[in-house]
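I opened the notebook to record how a pair of helices pack and what surrounds one of them. My entries follow in the order in which I looked things up.

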Amino acid sequence: MKRALITGITGQDGSYLAEYLLTKGYQVWGLMRRTSLDPLLRINDLTVTRRINILYGNLRDSASIQRAIEESQPNEIYNLAAQSDVGISFKVPEETMEVNYYGLGRLVNEAMKINSQVRIYQASTSEMFGKTKPPQNENSHFAPVSPYGEAKLKAHEDFVKGYRNTHGLYICSGLLFNHESPKRGEHFVTRKITISLAKIKLGLQDSFALGNLEAKRDWGYAGDYVRAMHLMLQQDSPDDYVIATGESRSVRDFVEAACRALDMKITWSGKGLDEVAKDKDGKTILTIRKEFYRPAEVDYLLGDSTKAREKLGWKPEVDFNGLVAMMAKSDLDFFRKENHTRG
Ligand code: G4F
C-alpha cells in the first residue's frame, strides 16, 4: 500500500487530493498547523477526515517536517501548503517568501536525508508566467509580477529544477492554472462572487464589491487538477507540466455566468470605479472598489496543457459553465438551508 504525505491538507486541493488518494488505496498523512480548532472541523468532509492521519507541523519548522516524514515514511509527498493569496502577498512579502520558497527548501532537504527515493510534487503556479503573453506552456517565459509569483518561481528554479538536476531527486512542478470548487477559500474572486450572489438572491445581503473585472483567468475544477498531481508522480522520470483547461474568461464573465446559473438578471452601467451592476428591479448589487485592485496585475492567463494531455493522458472533465454552476448552486443550497435552520 502506498503512503502519501500532504502538506496543506486543510486547503481546497489538500482535501480533494486526500479524497482521491484514498480511493486509490493510499494511506494518507496530512501535515497541519496547530490551531485551537479541532482538525475535524477544518476539513469539511468528515468521512475523508477520519481516514487521514493528522501530523502537526508546518513549513517554517524543519524539526516538525523531519518528524512528519519519519512518522509517515511516504513514497510520495505533495507540497500544497503555501501563502496562496496573491493579493495578500503584496502586504506580507517576507512571510510569502518564508513559506513558499524556504518552506519547500526545508521540505526537500529533510525528505532527501530520510529517503532520497521519495517522489515530491510541488504546487507551482500560472502566476509565475505573470505578464507573458498567452497561451502559456512549459516553454513560456516566466515574468511574475507579485511577491507570490516571485517566491513560487524561485522555489521552482532552486528546489525543483535545481535538486532534480544536481541531486537526482524525483520532484515535479505542477504549473497549475486557477482551479476552483465549492471548497474554494472565500477570499478568492470566484467564491466571493458565488457566495455574494447566492446571499443576494436569498435576500441575505444587499450588494458586494470587486476590483478589476477585466483580468482573464483559465479557470478549471480543482477535483480534475488533483488527478494530474497524482499522475505526475507515477511517471518513469520527473518533469514539469502545465495543467489548464485552455479556455480563458474574465472576472466579468464569471459574474455573468454565476448570475445565469442563479437565474438572476443584471445590467452593467458606468465605467471604471463608477461601474455598477443592477438587478432586474434597478437595485445596485455590485460596485467596484479600488481596494480590491492589486498594485500589479496579471492580465491574461490561458494555459496550453498539450504536454499533460499527451504524456499523462490527463484532461479536465468540468468546463467553465459547469464549474460556475456547481459553485453557485452549492452556495445557494448552503445559505438556503442555513437561513431555514436559523429562521
Ligand atoms: O481569485 P484570485 O484571488 O486568484 P489569483 O490571483 O489568480 O490566484 C489564484 O490562482 C493562482 C494560479 O494562477 C494561484 F497560484 C493562487 O494561489 C490563487 O489560487 O483573483 C483572480 C483575479 C485577479 O485578477 C484579481 O485582481 O480576480 C481579480 N479580482 C477582482 N476583484 C479579485 C477581486 N480578486 C479577489 N481575490 N478579490 C476581489 O474582490
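At what angle do the axes of helix 10 and helix 12 cross, and within what distance do they come? Working from a predicted model, I found that the axes of helix 10 (residues 251–261) and helix 12 (residues 320–342) cross at roughly 60° and come within 9 Å. I therefore entered helix 10 as oblique to helix 12, and I noted that the crossing is right-handed.

I then listed the residues that make this contact: D253, F254, A257, A258, R260 and A261 from helix 10, together with F320, N321, V324, A325, M327, A328 and K329 from helix 12. Sorted by class, the contact has nine nonpolar residues, one polar and three charged.

Next I checked the length of helix 12, where 23 residues at 1.5 Å a residue should span 33 Å, and the end C-alpha atoms are 33 Å apart, which agrees.

Which residues of helix 12 are buried? I recorded F320, L323, V324, A325, M327, A328, D331, L332 and F335 as buried. Looking for what covers these buried residues, I found that the cover includes helix 10, helix 8 (189–201), strand 7 (179–180), strand 10 (220–221) and strand 12 (249–250).

My last entry concerns D333, which also lies in helix 12. With a relative accessible area of 38%, D333 is partly exposed, since the partly exposed class runs between 20% and 50%. From C-alpha to C-alpha, D333 and A198 are 8.5 Å apart in space, although 135 residues separate them in sequence.

Technical notes. Residues are numbered from 1 along each chain as its sequence is written. This is a predicted model: local features need pLDDT of at least 70, side-chain atom pairs count only at pLDDT 80 or more; totals for chains, interfaces and linings use all residues. Side-chain values use heavy atoms; hydrogens and water are left out. Axes are lines fitted to C-alpha atoms, for helices over the stretch in contact, and angles run from 0 to 180 degrees between N-to-C directions. Helices (H or I, at least four residues) and strands (E, at least two) are DSSP runs, numbered from the N terminus. Angles under 35 degrees count as roughly parallel, over 145 as roughly antiparallel, 65 to 115 as roughly perpendicular and the rest as oblique. A crossing is left-handed if the near helix is turned anticlockwise from the far one by less than a right angle, and right-handed if clockwise. Contact means heavy atoms within 4.5 Å. Ala, Val, Leu, Ile, Met, Phe, Trp, Tyr, Cys and Pro count as nonpolar, Asp, Glu, Lys and Arg as charged, and the others, Gly among them, as polar. Buried means under 20% relative accessible area, exposed over 50%, partly exposed in between (1.4 Å probe, protein chains only). The expected span of a helix is 1.5 Å times one less than its number of residues.
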